[in-house]
Amino acid sequence: DSTAATNVADLIKSHDPNFIMTVGDNCYGYAPPIADQIGAKYGDYVATGRFIPALGNHEYTTRCSNNGVKNTPVGYLAYFELPNNERYYTMRKGPVEFFVADSNMPLPDGRCKKSIQALWFKGKLAESTAPWKIVVFHKAAFTSGYQQPWLCMQWPFEQWGADVVLQGHDHHYERILRDDNNDGRQLPYFISGLAGQIPREFSTIVSGSVVRYNQDYGVLFATATPTT
């Protein structure tokens, strides 16, 4: 819904955030290309290095970004300038370090918990000195939405040192609390998928789901300090 996506963009910019992060599916359809879809709404943030995107499945499968090239998000890679291999990377912003994974990643780097990509993130999380470590990717490891949990992305984030996991793919908002390593600390997983595409119904409610919303469009705002 282009009107909804524009309204969400206007809402975001009215708050003048320090930066914007996406959880994938930065473009939809066959036209216009990703540079126009993102540029029209957030071009000033991209130009100043304040737009931190994650890859969604539409960057791999939709002509607005893949230009018909199988398994290669060519439009995305051409438009954004990102660290590492641009498909997965880390980025520090003040007290927060983002660990942006590619949940669509084909071989050779892969996407499951023993893949080259996952083990790279394990090392980066261990090395990080940031007060807050936030993992970001598209296909949700845990979700109550119609897409169902993406089992391959159920990495041991808590054990590896993550503080928060941000996800997309499903068109709803959800907060899920899980203690998968049984240390008494709950790791919050968020789904923020209401930025423009039509909200969808929930499916099986996943264990740990504490808040769910799908009645309107919206965005997730966060404020971080060195201690909170």
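Good morning. I begin with Ser192, which is partly exposed, at a relative accessible area of 23%. Please bear in mind throughout that this is a predicted model. Ser192 belongs to strand 8, which runs over residues 187-192. Setting aside neighbours within four places in sequence, the contacts of Ser192 are Val23, Gln167, His172, Val219 and Leu220. A further distance concerns His138: 54 residues separate it from Ser192 in sequence, while their C-alpha atoms lie 9.8 Å apart in space.

From that residue I turn to the chain as a whole. The secondary structure comprises seven helices and nine strands. The radius of gyration is 17 Å, close to the 17 Å that the globule rule gives for 228 residues, so the chain is as compact as a globular protein of that length. Measured out along the principal axes, the C-alpha trace spans about 45 × 40 × 35 Å. As for contacts between residues at least 6 apart in sequence, 66% of them join residues at least 24 apart.

Next, burial and surface. Of the 228 residues, 49% count as buried. The chain exposes about 10900 Å², and carbon and sulfur atoms supply 52% of that area. On the electrostatic side, there are 20 positive and 22 negative charges, and the mean positions of the two sets are 5 Å apart.

What does the interior look like? The largest nonpolar core has 53 residues. Within this core, the residues with the most contacts are Phe51, Phe80, Val136, Phe137, Trp155 and Phe157. Helix 2, residues 34-47, contributes the largest share of the core, namely five residues. Phe51 deserves a slide of its own. Not counting residues up to four places away in sequence, Phe51 touches Ile20, Thr22, Asn26, Ile38, Tyr42, Tyr45, Val46 and Phe80.

I now come to the backbone. Which residue pairs are joined by a cis peptide bond? One such pair is Ala31 and Pro32, with omega about -5°. Pro32 sits in the loop between strand 1, residues 20-21, and helix 2. Another pair is Leu107 and Pro108, where omega is about 15°. Pro108 is placed in the loop that connects strand 4, residues 96-100, with helix 6, residues 116-127.

Positive phi values also call for comment. Asp25, a residue other than glycine, has phi near 55°. Asp25 is located in the loop between strand 1 and helix 2. Is Asp25 buried or exposed? With a relative accessible area of 13%, Asp25 falls under the 20% cut-off and is therefore buried. Glu86 likewise has a positive phi, near 70°, and is not a glycine. Its position is the loop between helix 5 and strand 3, residues 89-93. The relative accessible area of Glu86 is 19%, so this residue also counts as buried.

Finally, I turn to Ala78, which lies in helix 5, residues 74-79. Ala78 is exposed, because its relative accessible area of 65% is over the 50% cut-off. Between Ala78 and Pro156, which are 78 residues apart along the chain, the C-alpha separation is 32 Å.

To close, I return to two points. The predicted model has a largest nonpolar core of 53 residues, with helix 2 as its largest contributor. Its backbone includes cis peptide bonds at Ala31 and Pro32 and at Leu107 and Pro108. Thank you for your attention.

Technical notes. Residues are numbered from 1 along each chain as its sequence is written. This is a predicted model: local features need pLDDT of at least 70, side-chain atom pairs count only at pLDDT 80 or more; totals for chains, interfaces and linings use all residues. Side-chain values use heavy atoms; hydrogens and water are left out. Helices (H or I, at least four residues) and strands (E, at least two) are DSSP runs, numbered from the N terminus. The radius of gyration is taken over C-alpha atoms; the globule rule is 2.2 Å times the number of residues to the power 0.38. Buried means under 20% relative accessible area, exposed over 50%, partly exposed in between (1.4 Å probe, protein chains only). Contact means heavy atoms within 4.5 Å. Accessible areas come from the Shrake-Rupley method with a 1.4 Å probe; for residues, only the protein chains shown count as cover. Lys and Arg count as positive and Asp and Glu as negative; His and the chain ends are not counted. The place of a charge is taken as NZ of Lys, CZ of Arg, CG of Asp or CD of Glu. A nonpolar core is a set of buried Ala, Val, Leu, Ile, Met, Phe, Trp, Tyr and Cys residues joined through side-chain atoms within 4.5 Å.
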